[in-house]
Structure formats: structure tokens, C-alpha cells
Amino acid sequence: MGSSRVLVVEDESAIAELIAINLRHAGFEVILATTADQAQAAVDGVLPDLVLLDWMLPGQSGLALARQWRQAARTKELPIIMLTARAEETDKVSGLDAGADDYLTKPFSTKELLARIRAVLRRKAPEALDAAVEAGGLVLDPATRRCSKDGTEVKLGPTEFRLLHFFMAHPERVHSRSQLLDRVWGDHVFIEERTVDVHVKRLREALDKVKCAQLIETVRGSGYRLTQAYKALQA
Ligand code: CA
């Protein structure tokens with residue numbers, strides 16, 4: 001399992017470096033940007049798991065950037081924590097209005113920063129955390145890289161494991177092939193969409209050994225989802 005990617009958008013280099021050191025120490029991969037343009041370029045390349053976004057940036061503000069991301073289909077669900085030196089309640093409200101998931105006032109402790117990051121990820125991108133997940137009778141543990149059904153281990157290749165982890169972290173939701181490339185492969189530009197089909201087929205073959213292949217449903221014209229509805233049919 002690769003580590004979670006956090007994009008830190010902060011123009012004050014001392015603060016950016018301090019955050020980066022602490023996040024790397026906690027096991028996160030950190031990408032730094034000092035302007036809204038740089039942040040947009042980073043996101044255009046690889047979608048991060050979470051963004052720490054400073055409010056006051058030279059040029060376009062963090063607030064405007066958050067609003068812009070919320071309006072674009074690809075980034076509308078991107079987990080965002082706003083960072084600000086301003087503690088006024090009205091600022092907090094505008095930050096959350098712009099689409100931020102949470103809001104931290106400088107100075108903050110590393111402990112508080114990590115707690116907020118984990119809380120937002122748990123809510124919006126649980127596959128970015130190492131916690132075990134359960135869905136459809138399967139248990140998957142990213143920390144040990146194991147998946148099992150009623151104690152029987154399901155053997156999965158690394159890509160199938162990441163794909164299943166993502167499906168289990170977001171059960172019942174339909175994911176398009178391009179969303180899956182973005183979130184599971186981290187590459188929506190150079191990898192062809194049919195790569196997703198190849199790995200879904202392999203995943204179903206692996207799940208078939210524990211009679212769970214129907215968990216992964218094809219939604220015509222849309223993509224794939226993990227559904228637990230088929231259980232009702234079996235009962
Ligand atoms: Ca700043």
C-alpha cells in the first residue's frame with residue numbers, strides 16, 4: 001500500500017517545511033506548492049488524498065481555489081483543510097462555505113493537525129488510512145496486506161488489492177473508470193480506461209474463489225461499484 005499523498009499549499013516556506021517534516025514523519029507523502037497555480041498544476045497531474053490549503057497566498061487566494069475545486073467534477077470531493085492566521089468566526093464560516101472540510105487556525109500543534117487530517121480522511125477517503133475495512137462479508141487489512149472471507153484468505157495482486165480496498169471504503173457508490181484511475185492508480189492521463197476492466201476482471205476471478213465475485217457490479221454506461229444488494233437475492 002502506498003502512503004497517502006497530502007498536497008500542502010503554503011507560501012511561507014518555514015511553515016510549509018515544518019508541516020512537511022511532521023507529515024512525512026507520520027508516514028504521509030508530501031507535495032509542496034506555494035501558489036494557487038502551482039497547486040492546480042499538481043492536482044492536474046496526480047489527485048492528492050488531501051489538501052492543506054493556506055487562505056492567504058500571493059495571487060489567487062486559497063479560498064478562491066477551494067471554490068474553484070468544488071465546482072470542477074474531478075475535484076469536487078477532494079478533501080480540503082483550510083489553514084489561516086485569522087481566527088474570526090466569519091472567516092471560518094466563509095472557509096467552510098467555500099467547500100473546505102475543516103479549518104485550522106495558525107499556530108496549531110502537529111498533534112491537532114494530524115488528528116484533523118485523519119478525521120477528514122476517515123470521512124471522505126478511508127482508503128487513504130491504514131485501518132481495516134469490512135464490506136460484503138470481506139475483511140481487508142491494509143496494514144498486513146491481507147483480505148479474507150470467513151477466515152479464508154483471498155489472494156490478490158497489488159493492484160487488485162488497492163482496487164478492492166477502494167471499493168470497500170466506498171460501498172454502493174458508482175465509480176467511473178476515470179475516477180478509479182485517479183484514485184486507485186493515481187494516473188488519469190497516461191493509463192487507458194480499459195486497464196480498469198482488466199483489473200476488475202482479475203479481482204472478480206480472485207473473489208470468485210470465496211463466492212464473492214458478484215460483489216463487484218458493472219453499472220452500464222457509468223462504471224463499477226461494490227454492492228451488497230446481491231445478498232438479498234441469495235437469502
Ligand atoms: Ca500565506
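Helices here are DSSP runs of H or I with at least four residues, and strands are runs of E with at least two, numbered from the N terminus. Keep in mind that this is a predicted model.

**Exercise 1. Take stock of the fold: how many helices and strands does the protein chain have, and into which domains is it divided?**

Start with secondary structure: you should find nine helices and eleven strands in the protein chain. Next, split it up: domain 1 covers 5-124 and domain 2 covers 133-234. Their centres, taken over C-alpha atoms, sit 29 Å apart. Where the two domains touch, domain 1 puts in eight residues and domain 2 puts in six residues.

**Exercise 2. Work out what radius of gyration a compact globule with 235 residues would have, and check the protein chain against it.**

The rule is 2.2 Å times the number of residues to the power 0.38. For 235 residues that lands near 18 Å, and the protein chain has 19 Å, so the two agree. For a feel of the outline, the C-alpha trace spans about 55 × 35 × 30 Å along its principal axes. Now look at the packing: 46% of the 235 residues count as buried. Among contacts with a separation of 6 or more, 57% come from residues 24 or more positions apart. Finally, the surface: about 11700 Å² is exposed, with carbon and sulfur atoms supplying 51% of it.

**Exercise 3. Find the protein donors of the calcium ion: which residues are they, and how are they spaced in sequence?**

Pick out the donor atoms around the ion: Asp11 (OD), Glu12 (OE), Asp54 (OD) and Met56 (O), at 2.1 to 3.1 Å. Written as a pattern, the donor residues read D-E-x41-D-x1-M. Now place two of them on the fold. Asp11 is in the loop between strand 1 (5-9) and helix 1 (13-25), while Asp54 belongs to strand 3 (residues 50-54), so this pair ties together parts that are 43 residues apart in sequence.

Then ask about cover, where buried means under 20% relative accessible area and exposed means over 50%. Asp54 has 2% relative accessibility, so Asp54 is buried. Asp11 comes out at 31%, so Asp11 is partly exposed.

**Exercise 4. Test the length of helix 6 (residues 158-169), then say which of its residues are buried.**

The expected span is 1.5 Å times one less than the number of residues. With twelve residues, helix 6 should span 16 Å, and its end C-alpha atoms are 16 Å apart, so the helix passes. As for cover, ten of the twelve residues in helix 6 are buried. They are Thr159, Glu160, Phe161, Leu163, Leu164, His165, Phe166, Phe167, Met168 and Ala169.

Conventions: Residues numbered from 1 in each chain as written. Predicted model: local features only at pLDDT ≥ 70, side-chain atom pairs only at ≥ 80, totals over all residues. Heavy atoms only, no water. Donors = N, O, S within 2.8 Å, 3.2 Å for Na, K, Ca; no water. Buried < 20%, exposed > 50% of the residue type's maximum accessible area, 1.4 Å probe, protein only. Contact = heavy atoms within 4.5 Å. Areas by Shrake-Rupley, 256 points an atom, 1.4 Å probe, with all protein chains shown as cover. Domains from an automatic or database assignment.
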